[in-house]
Amino acid sequence: MKVLIIEDERGMALEMEDFLIKAGYLCDLAFTAKQARQLMEEGPYDFILLDLGLPDKDGLLVLEDAKKICPEASYIILTARGKLEDRIKGLDLGADDYLPKPFSLLELQSRMQAISRRKSGLRDNLVALGDFTVNLNTRMILYGDADIGLSKKEFDLLSYMLLNKNRPLTRMQLSEHIWGSFSDDDYDSNYIDVHIKNIRKKLTEHGPVEWLQTIRGVGYKIKL
Ligand code: CA
């Protein structure tokens with residue numbers, strides 16, 4: 001999952017980045033609206049965390065532009081401005097949630113998880129995949145009580161597909177959301193195939209994985 005943090009308070013931006021990287025997200029930072037725009041144009045992002053009080057542009061205008069450049073991203077507005085009207089305007093402009101500063105990073109993470117679940121139609125952080133159970137919170141996939149022990153990238157791949165379940169994802173999409181942007185030269189689609197093969201191998205030692213499907217000529221999907 002790729003996150004763009006748009007926040008001019010550097011200390012706070014770095015703190016969020018550090019926390020989200022540990023939680024398994026991939027992060028880019030923008031300290032100004034201008035930097036944010038450049039990064040968004042290179043996109044795509046799964047989440048955009050937007051401070052409304054930026055030095056070079058009104059945050060609500062940034063949000064309006066951002067929604068056009070990255071319509072698929074989920075937006076959380078961060079602001080010290082506790083004004084009800086900003087919150088309402090932000091939500092009206094299509095923000096998915098709102099966090100008044102100061103907020104706890106754990107709360108930010110659970111709001112992000114809640115948005116992901118809502119958009120993918122999952123009810124909670126525990127998801128049954130055939131005989132396996134995925135815990136999106138502890139980042140584990142279990143067979144009974146046994147942890148399958150996927151690597152970080154393997155879990156990123158599996159959880160990204162799960163959050164986009166029933167939707168065929170191309171190798172390029174998976175690469176972009178899990179490894180970040182690739183230039184065409186160093187993009188190697190085998191990379192994803194190798195990881196999927198390893199995931200299948202680890203899981204099939206325990207049980208069938210017919211829900212993990214290869215879509216010929218396209219990529220992969222999780223069918224639920
Ligand atoms: Ca600010």
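Below are four short exercises on a predicted model, each with a worked solution.

**Exercise 1. The largest pocket**

Task: Find where the largest pocket lies with respect to domain 1 (2–120) and domain 2 (126–222).

Solution:
- Start with the volume. The largest pocket has about 480 Å³.
- Take the lining next. It consists of 25 residues. Asp-46, Glu-72, Tyr-160, Asn-164 and Arg-167 lie nearest the pocket centre.
- Turn to the domains. Domain 1 and domain 2 both give residues to this lining, so the pocket lies between them.

**Exercise 2. What the lining is made of**

Task: Work out which elements give two or more residues to the lining of the largest pocket, and how the lining divides by class.

Solution:
- The lining of the largest pocket counts 25 residues.
- Three elements meet the condition: α5 (105–120), α6 (152–163) and α7 (171–179).
- Of the elements, α5 gives the most, with four residues.
- Now sort by class. The lining has 12 nonpolar residues, seven polar ones and six charged ones.

**Exercise 3. Ser-120**

Task: Decide whether Ser-120 is buried or exposed, and name the residues that it touches beyond four places in sequence.

Solution:
- Locate the residue. Ser-120 belongs to helix α5.
- Apply the cut-off. Buried means under 20% relative accessible area. Ser-120 has 9% relative accessibility, so it counts as buried.
- List the contacts. With residues up to four places away in sequence left out, Ser-120 touches Leu-163 and Lys-165.

**Exercise 4. Backbone exceptions**

Task: Locate the cis peptide bonds at Pro-44 and Pro-102, then place Arg-139 and Asn-166, which have positive phi, and class their exposure.

Solution:
- Recall the background. Most residues other than glycine have a negative phi, and most peptide bonds are trans.
- Gly-43 and Pro-44 are joined by a cis bond, with omega about -10°. Pro-44 sits in the loop between α2 (33–42) and β3 (47–51).
- Lys-101 and Pro-102 are also joined by a cis bond, with omega about -5°. Pro-102 sits in the loop between β5 (97–100) and α5.
- Arg-139 has a phi of about 55°. Its loop runs between β7 (132–135) and β8 (140–143).
- Asn-166 has a phi near 65°. Its loop runs between α6 and β10 (169–170).
- Class the exposure. Partly exposed falls between the 20% and 50% cut-offs. Arg-139 has a relative accessible area of 24%, so it is partly exposed. Asn-166, at 38%, also counts as partly exposed.

Key: Residues are numbered from 1 along each chain as its sequence is written. This is a predicted model: local features need pLDDT of at least 70, side-chain atom pairs count only at pLDDT 80 or more; totals for chains, interfaces and linings use all residues. Side-chain values use heavy atoms; hydrogens and water are left out. On a 1 Å grid over the protein atoms alone, a cavity is a set of points where a 1.4 Å probe fits but cannot get out, and a pocket is an open set with protein on both sides within 12 Å along at least five of seven lines; lining residues have an atom within 4 Å of a point. Grid points are joined across faces, edges and corners, and a volume is the space filled by probe spheres set on the points. Ala, Val, Leu, Ile, Met, Phe, Trp, Tyr, Cys and Pro count as nonpolar, Asp, Glu, Lys and Arg as charged, and the others, Gly among them, as polar. Domain bounds come from an automatic or database domain assignment. Buried means under 20% relative accessible area, exposed over 50%, partly exposed in between (1.4 Å probe, protein chains only). Contact means heavy atoms within 4.5 Å.
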